[in-house]
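Good morning, and thank you for making time for this item. I should like to take the group through a few local features of one model, with the structure on the screen.

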Amino acid sequence: MARNRTLLLLVVVLLLLPVTTAHGDPSERASGGDAMPDPAPAVGRRAEPAPAAPVAVSPLPEGFVPGSTYGVRVSPRTGRRTFHAGADFLAPRGTSVVAVRAGVVEQVTRNTLGRTRFGGYGRSVVVYHPDVERWSYYAHLDSVTVRPGQTLAAGEALGTVGNSCNQRFRDMPTHLHFEVRSAAPGGRSPFPGAYRVHNEDPVAWLESMGVTFVRAAPEGEASVTREREPALARTATTRP
Ligand SMILES: [Zn+2]
């Protein structure tokens, strides 16, 4: 617990550092000309109470309509009991999707055709959160705006909501499929890989970090149903 708190503090400090440095650097304020001497500006600023920068945020800060939740469900499509590895957030195409927590982009997929290792997830982003040994996953994106290796702060945009997939489910409503996984054996990335054993309830995980979700009612809500929600996770496991 104490170690976790220390890590959280470290992350917050690291996130604040660039801002503090920029404002404390006289070369950044050349237009001022009369910048007054400040013996210890950085120290003074850092001593202030930490701003309300959250450690974690909702992947869709603009709001969403709740869709399928995490866990076993009866598939409306097949009538069979299937496991849904993530939470679905229904939102209009183009809605901004953000990293839920500071991390680094580990993988970006742009598969919209055929059977692939990421199955029917379409355009998607895997973000690794080393401080908590978790991976967050954002799928069916319309656009991806990040690259592997890129560092993201909590709340930083990584793409937009869409309904990209491998074209097995062309008329799927636009939504974000969001997952959280822990490490595979040996500390390896759980992506791609067996989805069920490494997953946990992503909404519960975010709520445990204080995230409150903005539920909205976008235009066309009445036409948004779960009827066409495919069992996408089933296709995402073993295909080469
Ligand atoms: Zn889903």
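Gly 120 lies in the loop that runs between β6, residues 103-110, and β7. The model before you is a predicted one. Is Gly 120 buried or exposed? Gly 120 has 25 other C-beta atoms within 10 Å and is therefore buried, the cut-off for that class being 20 or more. A residue 20 places away along the chain, His 140, has its C-alpha atom 8.2 Å from that of Gly 120.

That brings me to His 140 itself, which is placed in strand β8. Its backbone deserves a remark: phi of His 140 is positive, about 65°, although the residue is not a glycine. As a general matter, most residues other than glycine have a negative phi. His 140 is also buried, because 26 other C-beta atoms lie within 10 Å.

How does the strand as a whole compare with the cut-off for burial? Of the 11 residues of β8, 9 are buried, so the strand is largely enclosed by the rest of the structure.

Let me now turn to the partners of β8. Which strands pair with it in the antiparallel sense? One is β7, joined to β8 by 6 bridges. In that pairing His 129 stands opposite Arg 134 of β8. A second partner is β11, which is antiparallel to β8 over 6 bridges; here Ala 139 faces His 177 of β11 as its opposite residue. A third is β10, again antiparallel, with 3 bridges to β8. Leu 141 has Val 161 in β10 as its bridge partner.

The connection between β7 and β8 is a hairpin, with 4 residues between the two strands. Within that turn sits Glu 133, in the loop from β7 (123-129) to β8 (134-144). Glu 133 has a positive phi, near 50°, and is likewise a residue other than glycine. Is Glu 133 buried or exposed? Glu 133 counts as exposed, because there are 10 C-beta neighbours inside 10 Å, and the limit for that class is 12 or fewer. Two residues with positive phi thus appear in this part of the talk: His 140, which is buried, and Glu 133, which is exposed.

A further backbone feature concerns a peptide bond. The bond from Phe 191 to Pro 192 is cis, with omega near -20°. In general, most peptide bonds are trans. Pro 192 belongs to the loop between β11, residues 175-182, and α3, residues 195-198.

I will close with two further loop residues. Val 57 is in the loop between α2 (41-46) and β1 (65-66), and is buried because 22 other C-beta atoms lie within 10 Å. Setting aside neighbours within four places in sequence, Val 57 is in contact with Val 98, Val 100, Ala 154, Gly 155 and Val 211. For Val 98, which is 41 residues from Val 57 along the chain, the C-alpha separation is 8.3 Å.

The second is Ala 153, found in the loop between β9 (151-152) and β10 (157-161). Ala 153 has 16 C-beta neighbours inside 10 Å and so counts as partly exposed. Its C-alpha atom is 8.6 Å from that of Val 104, a residue 49 places away in sequence.

Thank you; I would be glad to take questions.

Methods:
Residues are numbered from 1 along each chain as its sequence is written. This is a predicted model: local features need pLDDT of at least 70, side-chain atom pairs count only at pLDDT 80 or more; totals for chains, interfaces and linings use all residues. Two strands pair if DSSP finds at least two bridges between them. Two residues are in contact if their C-beta atoms, placed from the backbone, lie within 7 Å.
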